Amino acid sequence: MTEKALMVRCPSCGVEHAYSTENPYRPFCSKGCKAIDLGAWASESYRVEAKPTREELLEDMEKLDGVELEQFLLKNLPDTPPQ
Ligand SMILES: [Zn+2]
C-alpha cells in the first residue's frame with residue numbers, strides 16, 4: 001500500500017515537505033521557519049511604518065481610490081525641499 005502525502009513547499013525556506021494536519025506549523029516545515037516568516041513580516045511592517053519608500057507608497061496607493069487616496073497622499077507625501 002502506498003500512502004500519498006501532499007507535498008507543499010515551505011514559504012520560508014522553500015523545502016518540500018509532506019503537508020500534515022499534525023504539523024502545527026503548516027504550511028511551514030518547522031517552528032523555526034514559521035518564526036522567521038512572522039519575524040520578517042513584523043520587521044517589514046515596522047520598516048514601512050518608520051519610513052515608507054516610494055515603491056511602498058505606490059504599492060499602498062494601488063489599494064486606495066478617491067478620497068482615501070487623497071488623504072493618503074496628504075499624510076504620506078514628504079515635504080518638498082526648496083529648490
Ligand atoms: Zn522551512
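## Four cysteines in a predicted model

Let's start with one residue: Cys10 has 19 C-beta neighbours inside 10 Å, so Cys10 counts as partly exposed. Keep in mind that this is a predicted model.

**Exercise 1.** Work out where Cys10 lies and which residues Cys10 touches, leaving out those up to four places away in sequence.

*Solution.* Begin with the strands: Cys10 sits in the loop between strand S1 (7-9) and strand S2 (16-18). Next, go through the contacts. Beyond four places in sequence, Cys10 touches Val15, His17, Pro27, Phe28, Cys29 and Cys33.

**Exercise 2.** Now do the job for Cys33: is Cys33 buried, exposed or partly exposed, and where is its place?

*Solution.* Count first. Cys33 has 19 C-beta neighbours inside 10 Å, and a buried residue needs 20 or more, so Cys33 counts as partly exposed. Then find the element: Cys33 is in helix H1 (residues 31-50). Last, the contacts: setting aside neighbours within four places, Cys33 meets Cys10, Ser12, Cys13, Tyr25 and Phe28.

**Exercise 3.** Find which residues the UniProt annotation "binding site" covers, and decide whether they gather or scatter.

*Solution.* According to the unreviewed UniProt entry, the annotation covers Cys10, Cys13, Cys29 and Cys33. These residues span 24 residues in sequence, yet no two of their C-alpha atoms are more than 8.2 Å apart, so they gather at one spot.

**Exercise 4.** Describe the whole chain: how many helices and strands are there, and in what pattern?

*Solution.* Count three helices and two strands. Reading along the sequence gives β-β-α-α-α. As for burial, 5% of the 83 residues are buried.

Key
Residues numbered from 1 in each chain as written. Predicted model: local features only at pLDDT ≥ 70, side-chain atom pairs only at ≥ 80, totals over all residues. UniProt positions renumbered as here; feature names shortened; annotations may be inferred. Buried ≥ 20, exposed ≤ 12 C-beta atoms within 10 Å, placed from the backbone. Contact = placed C-beta atoms within 7 Å.
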